[in-house]
Amino acid sequence: LQYLELVEGLAIGLIALIAGAEIKIGFIRKNSRAITQILGIGIPIILGGVFGLLALSRPLVPFLAEAPIEQALFLCLVVGTLAVANSPATVIAMFNETGATGRLPSISLSTTVCKDLILVILFTILVSVGIGLMGDPAQDRSNGELIGEMAWHLLGSMGMGVVVAMVMRLMITRVGDHMVVFLLAAGFGIAIISETMHLAPLLVGLTAGFMMSNMWPDRTSSFFESMEDVLLPVYCVFFAVTGAMISLEALMDLWPLAL
């Protein structure tokens, strides 16, 4: 699994590029009302539902039953927030597997990406509140520092995505018949840059794919078409690593609640 972590970084970079490329400015403008309605209804219902279920089931959940009531409710809110998140990787993989096209898949992917951007901000706010509430002496950062980290995580990742898109646009015309090699280099590059600069590879790739597909569609179309040659092995490794990270011990403890 340690060796496969680098391949997982490659997968996230390539999947994010595809997800970003599938989001068109014209489509977002035309369907902004539907996307906003889905987000406005879905986020409160899922977050509130999971929060309420966990709060009512507190005596049955070990890490909640042992915590003071304030901390337990905060942890319920954190889990509820995480439950809202969807993986663009899963959405893209499902559409590729089924060959689904049209308005519904596009709205689903656009909603997933927008929701993840909202959750990055929401979760950072929760963490800043939780540090004081949980009373962890190892966490002595101020709210200002946390806001700065959030800004770097969000805006820095998007800014790097713009830079990556511009560099890739210049190089695509010079690659020739070695597009698959260039694809792998791009995926690894996004993973390594993000790790080194403490950025979010998903946001970097999403921004880069969005920029390339919307600003230079003719020049970058061959790049995205070539991704079909590498997606299957990338998906296999990505989802195998994801499955291997599931804790059977935690599942045995919480399977009734998860079910």
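Is His153 buried, exposed or partly exposed? In this predicted model, His153 is partly exposed, with a relative accessible area of 30%. That value falls between the 20% under which a residue counts as buried and the 50% over which a residue counts as exposed.

## His153 and His198

His153 is found in helix H8, which covers residues 143-175. Leaving aside neighbours within four places in sequence, His153 is in contact with Val120, His198, Ala200 and Leu203. One of these partners, His198, is 45 residues away along the chain, and the two C-alpha atoms are separated by 7.4 Å.

His198 sits in the loop between H9 and H10. With a relative accessibility of 63%, His198 counts as exposed, because the cut-off for exposed is over 50%. The backbone of His198 has a phi near 55°, a positive value in a residue other than glycine.

## The largest pocket

His153 also belongs to the lining of the largest pocket, where His153, Asp116, Leu119, Val120 and Ala200 lie nearest the centre. The volume of this pocket is about 700 Å³, and its lining has 28 residues. Two or more lining residues come from each of H1, helix H5 (69-84), H6, H7, H8 and H10. H7 gives the largest share, 7 residues.

By residue class, the lining of the largest pocket divides into 20 nonpolar, 5 polar and 3 charged residues. Asp116, one of the residues nearest the centre, counts as charged because Asp is in that class.

## The second largest pocket

The second largest pocket has a volume of about 410 Å³. Its lining has 22 residues, and those nearest the centre are Ile18, Glu22, Ile92, Asn96 and Glu228. At least two lining residues come from each of H1, H6, H7, H11 and H12. H11 gives the most, with 5 residues.

The lining of the second largest pocket is made up of 11 nonpolar, 7 polar and 4 charged residues. Glu22 and Glu228, both among the residues nearest the centre, count as charged because Glu is in that class.

## Helix H10 and Thr207

H10 covers residues 201-215. This helix has 15 residues and reaches 21 Å from its first C-alpha to its last, close to the 21 Å expected at 1.5 Å a residue. Its buried residues are Leu203, Val204, Gly205, Leu206, Thr207, Ala208, Gly209, Met211, Met212 and Ser213.

Thr207 is in helix H10. Its relative accessible area is 15%, so Thr207 counts as buried, the cut-off being under 20%. Apart from neighbours within four places in sequence, Thr207 is in contact with Met158, Gly161 and Val162. Thr207 and Gly156 are 51 residues apart in sequence, with 11 Å between their C-alpha atoms.

Another pair involving H10 is Val167 and Ala208, which are 41 residues apart in sequence and 9.8 Å apart in space, C-alpha to C-alpha. Ala208 is one of the buried residues of H10. Val167 lies in helix H8 and is partly exposed, with a relative accessible area of 42%.

## The nonpolar cores

In soluble globular proteins, nonpolar side chains tend to be buried together. Here the largest nonpolar core has 47 residues, and those with the most contacts inside it are Leu14, Leu17, Met168, Met212, Phe223 and Met227. At least two core residues come from each of helix H1 (4-22), helix H6 (88-98), helix H7 (103-134), helix H8 (143-175), helix H9 (179-197), helix H10 (201-215), helix H11 (217-225) and helix H12 (228-244). The largest share of this core, 9 residues, is from H1.

Apart from the largest core lies another core, of 9 residues, including Phe27, Ala34, Val84 and Ile107. Within the largest core, Phe223 is among the residues with the most contacts. Not counting residues up to four places away in sequence, Phe223 touches Leu17, Met168, Ile172, Met179, Phe182, Leu183 and Met212. Three of these partners, Leu17, Met168 and Met212, are also listed among the residues with the most contacts inside the core. Met212 is a buried residue of H10.

Methods. Residues numbered from 1 in each chain as written. Predicted model: local features only at pLDDT ≥ 70, side-chain atom pairs only at ≥ 80, totals over all residues. Heavy atoms only, no water. Core = buried A, V, L, I, M, F, W, Y, C linked by side-chain atoms within 4.5 Å. Buried < 20%, exposed > 50% of the residue type's maximum accessible area, 1.4 Å probe, protein only. Helix = DSSP H or I, 4+ residues; strand = E, 2+ residues; numbered from the N terminus. Contact = heavy atoms within 4.5 Å. 1 Å grid on protein atoms, 1.4 Å probe; cavity = no way out; pocket = protein on both sides within 12 Å on 5 of 7 lines; lining within 4 Å. Points joined across faces, edges and corners; volume = space filled by probe spheres on them. Expected span 1.5 Å × (residues − 1).
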